[in-house]
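Got the viewer open? Let's take a walk through this one, a stop at a time.

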Amino acid sequence: YVDCPSISDSPAEGSGILVGDIVKNVDGVDSNGLTPEEVASYMRGKKDTKASIRVERKGETLDFTVLRN
């Protein structure tokens, strides 16, 4: 799994995702085995679409919905 990339001034930051969160999946795509760049690409996606992002923070699983810009 991948540590959350830099999210400063991004929709992910506004949704409550924090730097250091472990990204488990994006839109149902398991991030295990993906590079940080690949995960960031899934997070970016197409403008004005929503991304479902599951992260792990301090052992707790959290789900977020982010509107991409």
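**Starting at an edge pair**

Select Asp-3 first: across from it, in β2, stands Ile-22. That puts you on the pairing between strand β1, residues 2-3, and β2, an antiparallel match held over two bridges. Keep in mind that this is a predicted model. Colour it by pLDDT and you'll find that the chain averages 88, with 94% of its residues at 70 or more. Among the elements of the chain, β1 has the lowest mean, 75, while β3 has the highest, 96.

**Along β2**

Now select residues 22-26, which make up strand β2. How many of its five residues are buried? Four of them are, so the strand is mostly covered.

Next, bring up residues 50-57, strand β4. This strand pairs with β2 in the antiparallel sense, over four bridges. To see one spot where the two line up, pick Val-26: Ile-53 of β4 stands opposite.

While you have the strands on screen, show the side chains. In a regular strand they alternate between the two faces of the sheet.

**Round the hairpin**

Add residues 29-30, which form strand β3. β3 runs antiparallel to β2, and two bridges join them. Click Asn-25, then look in β3 for its bridge partner, which is Asp-30. The hairpin of β2 and β3 has two residues between the strands. Stop at Asp-27 there and check the backbone: its phi is positive, near 55 degrees.

**Just past β3**

Step on to Ser-31, in the loop between β3 and α2, the helix at 36-44. Is Ser-31 buried or exposed? Its relative accessibility is 1%, so it counts as buried. What is it in contact with, once you leave aside its neighbours within four places in sequence? Select Tyr-1 and Val-2, then Val-23, Lys-24 and Asn-25, and finally Val-39: Ser-31 is in contact with each of these. Two of those names should ring a bell: Val-2 falls within β1, and Asn-25 is the partner of Asp-30.

**One last loop**

For the final stop, go to Ile-17, in the loop between α1 (11-15) and β2. Ile-17 counts as buried because its relative accessibility is 1%. Finish by drawing a distance from its C-alpha to the C-alpha of Asn-32: the two are 18 Å apart in space and 15 residues apart in sequence.

Note on methods. Residues numbered from 1 in each chain as written. Predicted model: local features only at pLDDT ≥ 70, side-chain atom pairs only at ≥ 80, totals over all residues. Heavy atoms only, no water. Buried < 20%, exposed > 50% of the residue type's maximum accessible area, 1.4 Å probe, protein only. Pairing = 2+ DSSP bridges. Contact = heavy atoms within 4.5 Å. pLDDT = per-residue confidence, 0-100.
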